[in-house]
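Please walk me through this model in the viewer, saying at each stop what to select next and what is to be found there.

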Amino acid sequence: MKKARIAYQEVEERYIKALEDKGLIFDEPHAHEGERQALLASLKEKGVAFRNGGASLSSGHLSRACVECTGVDGSETFSTTFACHRDCYFCFNRNQPDYERFFREGCPWEEGLDRCASENETLAAVGLTGGEPLLNLDDSIRFLEEAHRRFPDAHLRMYTSGDLLTEEGAARLADAHLDEIRFSVKDDDPASMQEKVLAAIHLAKRYIPSVMVEMPVIPGAEDHMKGLLRAFDEAGVDGINLLEFCFPFCNWDEFERRGFKLKCPPFEVMYDYGYSGGLAVSGSEVLILKLMDWALDEGLSLGLHYCSLENKHRSEIRQKNERARGLHPCLTVDEDTFFLQAGKAFGQDVEPAKRELERAGCVDVMQDAEEESITFPLAYMDDVMRASHEDGTPLEPQIAYFVYETDEESGYFIDVAIRDA
């Protein structure tokens, strides 16, 4: 078991070392953990809902799209263009494939909707982001109308800075079946721009059924964020999505200049995630928890939702592993993390574990001679934990985490982590 644990740990260490060699700076492991745990306890006492194993926290209004993001029917987000009149140093789009081409030529959203319709006829939520969708309102209207035609029951939402929203535009978006508009407010915008987005929020409320704010929370912005939360509450927004601030593998000099460090360890479970957000910045999560705690004490009425980077990853993992639910008798989907899980014993524990599993009637096991391991259903974990070696030494079975991957020919399982049972 120790040999296997070291092997997994070395993957994480190599990953961090490779990034440090490129100049990135990680914070101390588990920095802020004491304060984090205290804030989580306070929020739980105040009735905040802990979703997806605590990767998502919510109080009050929660967008249907946020529920469906990790739901069975799922949510998909598209862009008509990566072009934008803003130039945010933390923009995720630069970390996406074909960024330069999609910036110049627009995105092939029709192909995306075709693919999505062929894979999931019951898609529950569809998002339109950018770039800035309002740079070409006609394209955005075409997208919304086509998305509504293909998925008539889906919740349609759109992300925008709000800079370009007009009365005519808001009316056309409503006619195109837009259910929700999310204003992407930036903490470091000058006051004049933030006043402009507040005006756009008031305008949108006259036309769009649900008006939300979504923004990353940048360490050091506590006082300013409190002012913004009060302003959003007074404007009557339904809720705010507080996003964990992330480094999207570009513009590190801008992050370093501001004194930011990256969260360590970078992921709860090491895996090659496809989400373009990158790596979480240390201190963002704790500030979000403090703001939620403060907002509840202040009695603000807007909905509060903390969407961590980990929550984005759990959405991705659910989409992958939902396809494999029930596919292998050893593997079950964990309903918090959405990883496939099984029990696993290593080395000298294999034979006594195997004997105990046979006694318990377990017929579904996977034995790997090269790894010196045996994998078994979690339902038999208690049986294996009761077993021991001849000298009375207990076994040390682990919970193994798996992801279901596919290629052009087939599907297959990969194990990505082990944890103490």
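Begin with helix H13, residues 350–359, in this predicted model, and display what covers its buried residues, which includes strand E13 (340–346), strand E14 (366–368), strand E15 (373–376) and helix H14 (381–386). The buried residues beneath that cover are Val-350, Pro-352, Ala-353, Glu-356 and Leu-357. Looking along the axis, one sees that they span an arc of only 165°, which means that they lie on the same side of H13. Turn to the other side of the helix, where Glu-358 and Arg-359 are exposed. Before leaving, select Gly-361, just after H13, which takes a positive phi of about 90°.

Stay in this region and select Glu-372, found in the loop between E14 and E15. Its phi is positive, about 60°, although Glu-372 is not a glycine, and its relative accessibility of 44% makes this residue partly exposed. For background, most residues other than glycine have a negative phi, and most peptide bonds are trans. Asn-52, in the loop between E1 and E2, is also a residue other than glycine with a positive phi, here about 50°. Asn-52 counts as buried because its relative accessible area, 11%, falls under the 20% limit.

From Asn-52, extend the selection to the open sheet of nine strands, which has mixed pairing and runs in the order E1-E2-E11-E8-E7-E6-E5-E4-E3. Which strands stand at the edges? They are strand E1 (49–51) and strand E3 (75–79), each with a single partner strand, so that one side of each has no neighbour in the sheet. On average, and with direction ignored, neighbouring strands of this sheet are turned by 20° against each other. To follow one pairing in detail, select strand E2 (residues 56–59) together with strand E11 (residues 303–307), which pair in the antiparallel sense over four bridges. Within this pairing, Ser-59 has Leu-304 in E11 as its bridge partner.

Next, show the nonpolar side chains. The largest nonpolar core has 63 residues, and those with the most contacts inside it are Leu-165, Leu-173, Phe-183 and Phe-232. Helix H11 (residues 284–298) gives the most to this core, contributing eight residues. Centre the view on Leu-173 and, leaving aside residues up to four places away in sequence, display what it touches: Leu-134, Leu-137, Ile-141, Leu-144, Met-158, Leu-165, Leu-178 and Ile-208. Apart from the 63-residue core lies another core, of 41 residues, which includes Tyr-89, Phe-245, Val-269 and Leu-357. Leu-357 was already met among the buried residues of H13.

The aromatic rings come next, and a search of the whole structure finds 22 aromatic pairs. Select Tyr-89 and Phe-90, whose ring centres are 5.0 Å apart and whose planes stand at 85°, so that the pair is edge-to-face. Tyr-89 counts as buried at 10% relative accessibility, and Phe-90 counts as buried at 8%. Now move to Phe-245 and Phe-255, an aromatic pair that is stacked, with 5.5 Å from centre to centre and 25° between the planes. Phe-245 sits in the loop between strand E8 (239–244) and strand E9 (246–247), while Phe-255 belongs to helix H10 (residues 252–257), the two being 10 residues apart. Phe-245 is buried at 1% relative accessibility, and Phe-255 is buried at 0%. Widen the selection to see how ring pairs link Tyr-89, Phe-90, Phe-245, Phe-247, Phe-249, Trp-252, Phe-255 and Phe-260 into a cluster.

The tour ends with peptide bonds, for which the backbone atoms should be shown. A cis peptide bond joins Cys-264 and Pro-265, with omega about 0°, and Pro-265 is placed in the loop between H10 and strand E10 (279–280). Where does Gly-131 lie? Gly-131 is in the loop between strand E4 (125–129) and helix H6 (137–150), and the peptide bond from Gly-130 to Gly-131 is cis, with omega near 0°.

How values were computed:
Residues are numbered from 1 along each chain as its sequence is written. This is a predicted model: local features need pLDDT of at least 70, side-chain atom pairs count only at pLDDT 80 or more; totals for chains, interfaces and linings use all residues. Side-chain values use heavy atoms; hydrogens and water are left out. Buried means under 20% relative accessible area, exposed over 50%, partly exposed in between (1.4 Å probe, protein chains only). The arc is that of the directions from the helix axis to the C-beta atoms. Contact means heavy atoms within 4.5 Å. Two strands pair if DSSP finds at least two bridges between them. Axes are lines fitted to C-alpha atoms, for helices over the stretch in contact, and angles run from 0 to 180 degrees between N-to-C directions. A nonpolar core is a set of buried Ala, Val, Leu, Ile, Met, Phe, Trp, Tyr and Cys residues joined through side-chain atoms within 4.5 Å. Rings of Phe, Tyr and Trp (its six-membered ring) pair if their centres lie within 6.5 Å; planes under 30 degrees apart count as stacked, over 60 as edge-to-face and the rest as tilted.
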